[in-house]
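Let's read a protein model together, one feature at a time. Have the structure open as you follow the conversation.

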Amino acid sequence: MTITSATGASAPASAVLAPAASPGTSPAADEQAYVHGYSPTEARRLGDQADTLAALLHAGPVYPPGSRVLEAGCGVGAQTVHLLNAHPGLLLTAADISAESLARARERVAEHLPDAEVRWHHGDLHRLPFPDDAFDHVFVCFVLEHLADPAAALTALRRVLRPGGTLTVIEGDHGSAFFHPRGEAAQRVVDHLVRLQADGGGDGLLGRRLYPLLTRAGFGDVAVEPRTVYVDGARPDLVEGFTRRTFVAMVEAVRADAVAAGLTTAEAFDLGVAELRRAAEPGGTLHYTFFKAVAVNP
Ligand SMILES: C[S@@+](CC[C@H](N)C(=O)[O-])C[C@H]1O[C@@H](n2cnc3c(N)ncnc32)[C@H](O)[C@@H]1O
């Protein structure tokens, strides 16, 4: 199933609203700027990431049944499934700028939770067509780090959140990654990812900025918690699910872009990834910290 047009021709008309692209900026154009891209490999990586980290990232305040929740930047639905699983009776609207990702999200939810009802919206979270105060809670995961102006995005999301409603934001920070064995070439490939993301207008180090971003956007009671993943040989599930399939996969996916941007050669990049992979071998370890913030719309 695909969503074939702005009006969601292959989906129920009530389920997919028209995209709200600004003049001259189609969602497709925005999609191209996204550092991780929209390949099937990336879709798999998002699924592995969400499934591996579900307990770590979703632990926290629970949305009561009947809550009107917006998931902004739902991607392929990797977190959507966990949100629905953890919150029976949720009235969920899931939005993304990528029609292709949204189609995959619909498939994923239909496969895992065939009875779930989700209102799908294809469009830009900066220009959501929902009325003010339309939601009790907003959930955003791994999205702000890809936006040129995360403060503007937060302001746009606050508009659709009712007074007293909460915003939950989860972001990574690639500067929090350290690994054993330590290697200069491995560190350089991680730095290439951060640089490419910055060149694309994003910020791979956004996690550490959540508190100032949220307070400046007018949110109150901002509470930011570091949520650390530490992986060693005692957790083979995390070695596979996080070190290999989430973290190393994310870094190695920018190989072509890093070479094209003149940051490195293919040989040097491959050497760095090989070095990084040693963190997933016997005796290797990896540390990475996510940041989860919950804030209130005063
Ligand atoms: C790294 S993915 C994260 C997806 C999902 N939240 C997850 O954790 O698996 C980032 C998503 O944000 C979406 N996105 C980026 N800019 C957006 C915008 N301006 N409006 C809506 N979605 C956007 C992308 O299309 C992509 O699906």
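The dialogue below goes from the whole chain to the ligand, a helix pair and a single cysteine.

Q: What kind of model is this, and how are residues numbered?
A: This is a predicted model, where local features need pLDDT of at least 70, side-chain atom pairs count only at pLDDT 80 or more, and totals for chains, interfaces and linings use all residues. Residues are numbered from 1 along each chain as its sequence is written.

Q: How many helices and strands are there in the protein chain?
A: Both are DSSP runs numbered from the N terminus: helices are H or I with at least four residues, strands E with at least two. Here the protein chain has ten helices and nine strands.

Q: What share of the residues counts as buried?
A: A residue is buried if 20 or more other C-beta atoms, placed from the backbone, lie within 10 Å of its own. By that rule, 45% of the 298 residues of the protein chain are buried.

Q: Which residues have the most contacts inside the largest nonpolar core?
A: A nonpolar core joins buried Ala, Val, Leu, Ile, Met, Phe, Trp, Tyr and Cys residues through C-beta atoms within 7 Å. The largest one has 80 residues, and those with the most contacts inside it are Ala72, Val138, Val140, Leu157, Leu214, Phe247 and Val251. Helix α8 (residues 236-252) gives the largest share of this core, seven residues.

Q: Which residues surround the ligand most closely?
A: A residue is near a molecule if its C-beta atom, placed from the backbone, lies within 6 Å of it. The ligand is surrounded by 22 residues, the closest being Gly73, Gly75, Ala78, Ile97 and Leu125. At least two residues of the shell come from each of α2 (40-58), α3 (78-86) and β3 (91-96).

Q: At what angle do α3 and α4 pack?
A: Axes are lines fitted to C-alpha atoms over the stretch in contact, and angles run from 0 to 180 degrees between N-to-C directions. For α3 and helix α4 (residues 99-112) the angle is about 35 degrees, with the axes 9 Å apart. Thr80, Val81 and Leu84 of α3 meet Ala105, Arg108, Val109 and His112 of α4; contact requires C-beta atoms, placed from the backbone, within 7 Å.

Q: Why does cysteine 74 count as buried?
A: Cysteine 74 counts as buried because it has 31 C-beta neighbours inside 10 Å. Cysteine 74 sits in the loop between β2 (68-72) and α3. Beyond its neighbours within four places in sequence, cysteine 74 contacts Gln79, Thr80, Ala94, Ala95, Asp96 and Ala105.

Definitions and conventions:
Contact = placed C-beta atoms within 7 Å. Buried ≥ 20, exposed ≤ 12 C-beta atoms within 10 Å, placed from the backbone.
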